[in-house]
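User: I have a structure open and want to go through it piece by piece. Can you walk me through it?
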Amino acid sequence: MIDPYYTFFGLWRSKVTMSFVEDSPAKRGLVVLIIHGDGPDAWRSATPKAKYVVINLPYRTLTVRKMRLKKRTVQAIYAEEGNELSETSALFFDGKNYKYVPMGSSME
């Protein structure tokens, strides 16, 4: 279980952040399951390479796109919050851990 959102803002223990209560009932209980697979079946294989449960990630819609990271391109999960400012963030795997990057907002 990982919590990249609160880890980005300095709270390192996901057991503590898991108990935070969201003020909006529509956002409660939303989690993202990420499965890393290997071989021809990839994530559908009987024994996945790794599994991650992402908690406290604010999103309305999720998309997977490529992201330019220094000198390389990585796959990233873009989370759009869907509030009046249309805030967007990205979640990407750096080879060891998942990293959360707020991308900013734009007025709709």
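Analyst: What follows covers the sheet, the cores, the salt bridges and one loop residue of this predicted model.

User: Start with the sheet. In what order do the strands run?
Analyst: The order is E3-E4-E5-E6, in an open sheet of 4 strands with antiparallel pairing.

User: Which strands stand at the edges?
Analyst: Strand E3 (61-69) and E6. Each has a single partner strand, so one side of each is left without a neighbour in the sheet.

User: And how far are neighbouring strands turned against each other?
Analyst: By 30° on average, direction ignored.

User: How many bridges between E3 and E4?
Analyst: The two pair over 9 bridges, in the antiparallel sense. As for residues facing each other, Arg-65 stands opposite Ala-76 in E4.

User: OK, the interior. Which residues make up the largest nonpolar core?
Analyst: That core has 11 residues: Val-32, Ile-34, Tyr-52, Val-54, Leu-57, Tyr-59, Ile-77, Ala-79, Leu-91, Tyr-98 and Tyr-100. Strands E1 (32-36), E2 (50-54), E4 (72-80) and E6 (98-104) each give two or more residues to it.

User: What does Ile-34 touch?
Analyst: Leaving aside residues up to four places away in sequence, Ile-34 touches Ala-50, Lys-51, Tyr-52, Val-54, Ile-77, Leu-91 and Tyr-98.

User: What else is there in the way of cores?
Analyst: Another core, of 7 residues, lies apart from the largest one. Met-67, Val-74, Tyr-78 and Ala-90 are among its members.

User: Switching to charges. How many salt bridges?
Analyst: The structure holds 2. In one, the side chains of Glu-80 and Arg-60 meet at 3.1 Å, N to O.

User: Where do those two lie?
Analyst: Glu-80 is in strand E4 and Arg-60 in the loop between E2 and E3, so the pair ties together parts 20 residues apart in sequence. Glu-80 is partly exposed, with a relative accessible area of 26%, and Arg-60 is also partly exposed, at 49%.

User: Which residue does Asp-94 form a salt bridge with?
Analyst: Its partner is Lys-99, with the closest N and O atoms 3.9 Å apart. Asp-94 is partly exposed at 28% relative accessible area, and Lys-99 counts as partly exposed at 35%.

User: Last one. Ser-45: buried or exposed?
Analyst: Buried, because its relative accessibility is 17% and the cut-off for buried is under 20%. Ser-45 lies in the loop between E1 and E2.

User: What lies 3.2 Å from a polar atom of its side chain?
Analyst: The backbone oxygen of Ala-42 is at that distance from the polar side-chain atom of Ser-45.

Note on methods:
Residues are numbered from 1 along each chain as its sequence is written. This is a predicted model: local features need pLDDT of at least 70, side-chain atom pairs count only at pLDDT 80 or more; totals for chains, interfaces and linings use all residues. Side-chain values use heavy atoms; hydrogens and water are left out. A nonpolar core is a set of buried Ala, Val, Leu, Ile, Met, Phe, Trp, Tyr and Cys residues joined through side-chain atoms within 4.5 Å. Buried means under 20% relative accessible area, exposed over 50%, partly exposed in between (1.4 Å probe, protein chains only). Contact means heavy atoms within 4.5 Å. Two strands pair if DSSP finds at least two bridges between them. Axes are lines fitted to C-alpha atoms, for helices over the stretch in contact, and angles run from 0 to 180 degrees between N-to-C directions. A polar contact is a pair of N or O atoms within 3.5 Å; within protein, one must be able to donate a hydrogen and the other to accept it, and residues adjacent in sequence count only if both atoms are side-chain atoms. A salt bridge is a side-chain nitrogen of Lys or Arg within 4 Å of a carboxyl oxygen of Asp or Glu.
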